[in-house]
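User: I'm new to this structure and would like to start small. Please pick one pairing of side chains, take a close look at it, and then walk me outward from there.

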Amino acid sequence: MKELWELYWTYLKIGCVNFGGGYAMLPLLERELADKRGWTTLEELRDYFSVGQCTPGVIALNVSTFIGQKRKGVAGAFTAAAGFLTGPIIIILIIAAFLRNFAELEVVQHAFAGIRVCVCVLILQAVLRLWKTSVVDPFTLVLYLVIFSLSAFSGLLPVKIPAAVLVILAGVTGLTVSILKNRKNGKGKEGKKA
């Protein structure tokens, strides 16, 4: 029960500062979950982000569910997700109940302008960290350039390629290259033995 409470409390705190979601949260999650608590490794966290981005819903919520499941099974998954959702739900209910035309208030507009700048910085930081651990050889650099080009210039193509298709293509390409490398290395080892 203590671990479930710790999961809930940790994700409650994270959910309350989830401005920008997804990749903007990666540095915070790395610090809180990998560095401070040791609940996951940086590599696992990045894998959870990759899968979380490919599944429906908010990336950070998906990641919380994965880590909760890893820690305490199904109960941990529900507890972490509940913790993550509690803060935003309470904040939204308070805003909806007490503030009319919330988004039109000048002070709120200025606050969100500052938050947007911070989110951009956090996303850039996450992208740079992911770059260092993901683009590690010529193959991954070429794959990055191809996928980036298809995504960035999809408006110029006769048919727009959905992001999900690009993710699947990148995954299949990576898997295919890995299988071919393993086969090549296996044949090379067999040839040396003979």
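Analyst: **Starting from one salt bridge**

Arg129 and Glu30 form a salt bridge, with 1.9 Å between their closest N and O atoms. The two ends come from distant parts of the chain: Arg129 sits in helix 5 and Glu30 in helix 2, 99 residues apart. Keep in mind that you're looking at a predicted model. As for the general idea, side chains of opposite charge can pair when their charged atoms come close. The cut-off used here is a nitrogen within 4 Å of a carboxyl oxygen, and this pair, at 1.9 Å, meets it.

Now, are the two partners buried or exposed? They don't match. Glu30 has a relative accessible area of 1%, so it counts as buried. Arg129 has 30%, which makes it partly exposed.

Glu30 has another partner to meet. Its side chain also makes a polar contact of 2.9 Å with the side chain of Arg46. Arg46 belongs to helix 3, and with a relative accessible area of 11% it is buried. What does Arg46 touch, once you skip residues up to four places away in sequence? The list is Glu30, Arg129, Leu130 and Thr133. So Arg46 touches both members of the salt bridge we began with, while being buried itself because its relative accessible area is 11%.

Let's step back to helix 2, the home of Glu30. This helix runs over residues 26-36, and its buried residues are Leu26, Pro27, Leu29, Glu30, Glu32, Leu33 and Ala34. Try reading that list with a bit of helix geometry in mind: an α-helix has 3.6 residues a turn, so residues three or four places apart point the same way. Which elements help cover these buried residues? Among them are helix 1 (2-16), helix 3 (42-54), helix 4 (59-98) and helix 5 (106-134). Two of those names you've already met: helix 3 holds Arg46, and helix 5 holds Arg129. After helix 2 comes Gly38, with a positive phi near 70°.

Glu32, another buried member of helix 2, has a salt bridge of its own. Its side chain meets that of Arg37 at 3.0 Å, N to O. This pairing is part of a network, in which salt bridges with shared partners join Glu6, Glu32, Lys36 and Arg37. Glu32 counts as buried because its relative accessibility is 13%, whereas Arg37, at 23%, is partly exposed.

How many salt bridges are there in the structure? Seven. One more is worth a look: the side chains of Glu3 and Arg71 meet at 3.1 Å, N to O. Glu3 is in helix 1 and Arg71 in helix 4, so this pair ties together parts that are 68 residues apart in sequence. Here both partners are partly exposed, Glu3 at 34% relative accessibility and Arg71 at 30%.

What about disulfides? The structure has zero of them. Why does Cys16 have no such bond? Its sulfur is 16 Å from the closest cysteine sulfur, which belongs to Cys118, and that is too far for a bond. Cys118 has its closest cysteine sulfur in Cys120, but 9.2 Å separates the two sulfurs, again too far for a bond. For comparison, a disulfide needs the sulfurs within 2.5 Å. Cys16 is partly exposed at 33%, and so is Cys118 at 41%.

To finish, look at the surface. Trp131, Leu141, Tyr144, Leu145 and Phe148 make up a nonpolar patch there, with about 450 Å² of accessible area together. Helix 6 (residues 138-152) supplies its largest share, four residues. One of the patch members in helix 6 is Leu145, which is partly exposed because its relative accessible area is 44%.

Further along is Thr173, in helix 7 (residues 163-193). Leaving out neighbours within four places in sequence, Thr173 contacts Phe139 and Leu143. Thr173 and Asp137 are 36 residues apart in sequence, with 15 Å between their C-alpha atoms. At 30% relative accessibility, Thr173 counts as partly exposed.

Notes
Residues are numbered from 1 along each chain as its sequence is written. This is a predicted model: local features need pLDDT of at least 70, side-chain atom pairs count only at pLDDT 80 or more; totals for chains, interfaces and linings use all residues. Side-chain values use heavy atoms; hydrogens and water are left out. Patches are made of residues with over 30% relative accessible area and no salt bridge: like charges are joined within 9 Å, nonpolar side chains (Val, Leu, Ile, Met, Phe, Trp, Tyr) within 5 Å. Accessible areas come from the Shrake-Rupley method with a 1.4 Å probe; for residues, only the protein chains shown count as cover. Buried means under 20% relative accessible area, exposed over 50%, partly exposed in between (1.4 Å probe, protein chains only). Contact means heavy atoms within 4.5 Å. A polar contact is a pair of N or O atoms within 3.5 Å; within protein, one must be able to donate a hydrogen and the other to accept it, and residues adjacent in sequence count only if both atoms are side-chain atoms.
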